[in-house]
Amino acid sequence: MKLSQFKFKLPEELIAQYPVENRDECRLMVVNSKTGEITHHIFKELINFFDEGDVLIFNDTKVFPARLYGNKEKTGACIEVFLLRELNEEHKLWDVLVEPARKIRIGNKLYFGEDDSMVAEVIDNTTSRGRTLRFLYDGPHDEFKEALYALGETPLPEYITRKTEPEDAERYQCIFAENEGAVMAPAAGLHFSRELMKRLEIKGVERGFLTLHAGRGNFKDVDVEDLTKHRMDSEEAIVNEVLVDMVNEAKDNNKNVCAVGTSVLRALASAVCMNGHLMTYSGWTNKFIFPPYDFTVCNALVTNFHMPLSTMLMMVAAFGGYDNVMKAYDVAVKEQYRFGAYGDAMLILR
């Protein structure tokens, strides 16, 4: 597959800047990949497509306030710092992106907060934009993290062009988010309300959880036409024994297994056995999935409508079939579906 095959015209007004008022009341397009049939629903009607014993797999990663604004020593220049991950708890070392990167060199100090209460020193250059910062803070680690996060804001995707609002801290977080570490919310999970989760439980639909800490690499431009040459950033994934047993039992009983989001698909692809069953997994994955790809664990996928040329679109096309998915995207644009993390959803059935 070539990069240019995932280009389509997306009117700017279809990129959702805000979520719908109620999580489970966005629109839902259902695509049957066997027949090519497309139908239109409200998201809470998702329950009608699953029965007792079926399994929905969620990503329980939790987004932390990763975007900070600091000032460079002496010049006072405003620098955006995007926290990626903590490298060393004892020494308070963080892997970060900085913008504008050309102004930041090893040895520079950055000051954060109205009273410059948080100070960081640049100790390494990792990439053109990447840096390693050492935060200079005397106090317990929990206290440091609390103070650091108090300075940050919710890291909305760049295609959401408005300013971040306090409400985004709750809106850009799944209700079941538990394990902190993501800078990107698993958007498909944002549509699940407490009411819908309860209705699924009453119907006997099983819910399972894995963790994949989604990083900024999901937004990184693919800059090669030949997709085999693209390299994904690594992300930490954990697939535990409880989920493995639940999914394998469902498969043995010919029940449906549905991945909620492309991040779940990525994690499962790193934990699949030769026979299509799951095994436990804990580690890092940089798996890049694009058509053709043989998915053996799930036969359904809940996902949002993704940006042109994005790796998430490529993964969805791999799952639902390139022609089916690109046809569905044409329909989505014509029918004015909303795109992006705060947009509408698609259910693909195989």
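Start by selecting F8, F305, Y329, Y337 and F339: in this predicted model, these residues make up one aromatic cluster. Keep Y337 on screen and add R27, which lies over the face of that ring, 3.9 Å from the ring centre.

For another charge over a ring, select R350 and F319. The charged end of R350 sits over the ring of F319, at 4.7 Å from its centre.

Staying with rings, pick Y172 and Y342. They form an edge-to-face aromatic pair, 6.1 Å centre to centre with 85° between the planes. Y172 is in the loop between α2 (168-171) and β11 (179-182), while Y342 is in the loop between α7 (322-334) and β17, so this pair ties together parts that are 170 residues apart in sequence. Are these two tyrosines buried or exposed? Both Y172 and Y342 are buried. If you fancy hunting for others, the structure holds 21 aromatic pairs.

**Helix α6**

F319, which you already have selected, belongs to α6, so colour residues 311-320 next. How many residues of α6 are buried? The count is 10 of its 10, and the helix is mostly covered. T311, M312, L313 and F319 are among the buried residues. Show α5, β16, α7 and β17 as well, since they are included in what covers the buried residues of α6. Then step on to G321, which follows α6 and has a positive phi, near 95°.

**The nine-stranded sheet**

Now switch to cartoon view and find the open sheet of 9 strands. Walk across it in this order: β2-β1-β17-β16-β14-β3-β12-β13-β15. The pairing along the way is mixed. The edges are β2 (38-42) and β15 (281-285), each of which pairs on one side only. On average, neighbouring strands of this sheet are turned by 25° against each other, direction ignored.

Zoom in on β1 (residues 27-32) and β17 (residues 345-349). This pair runs in the parallel sense, over 5 bridges. To see one of the bridges, select V30, whose partner in β17 is L347.

Next, select α5 (residues 262-269), the helix that packs on the sheet. Which strands does α5 touch? Its contacts are with β3 (55-59), β12 (206-212), β13 (235-239), β14 (257-260), β15 and β16 (300-304). Line up your view along β12 and you'll see the direction of α5 making about 80° with that of the strand.

**Strand β10 and its partners**

Move to β10 (residues 130-136). Here 5 of the 7 residues are buried, so the strand is largely enclosed by the rest of the structure. Add β7 (residues 93-99), which pairs with β10 in the antiparallel sense over 5 bridges. One bridge to look for there joins V96 to R131 in β10.

Then add β9 (residues 118-125), which also runs antiparallel to β10, joined by 6 bridges. Here, select D124: its bridge partner in β10 is T132.

**Zooming out**

Finish with the whole protein in view. You should be able to count 7 helices and 17 strands. The C-alpha trace spans about 65 × 40 × 40 Å along its principal axes. The radius of gyration is 21 Å, which agrees with the value near 20 Å for a compact globule of 350 residues. Colour by burial and 53% of the residues count as buried. Among contacts between residues at least 6 apart in sequence, 70% join residues at least 24 apart.

Notes:
Residues numbered from 1 in each chain as written. Predicted model: local features only at pLDDT ≥ 70, side-chain atom pairs only at ≥ 80, totals over all residues. Heavy atoms only, no water. Pairing = 2+ DSSP bridges. Helix = DSSP H or I, 4+ residues; strand = E, 2+ residues; numbered from the N terminus. Axes fitted to C-alpha atoms, helices over the stretch in contact; angles between N-to-C directions. Contact = heavy atoms within 4.5 Å. Phe/Tyr/Trp six-rings, centres within 6.5 Å; stacked < 30°, edge-to-face > 60°. Buried < 20%, exposed > 50% of the residue type's maximum accessible area, 1.4 Å probe, protein only. Lys NZ or Arg CZ within 6 Å of the ring centre and 35° of its normal. Rg over C-alpha atoms; globule rule 2.2 N^0.38 Å.
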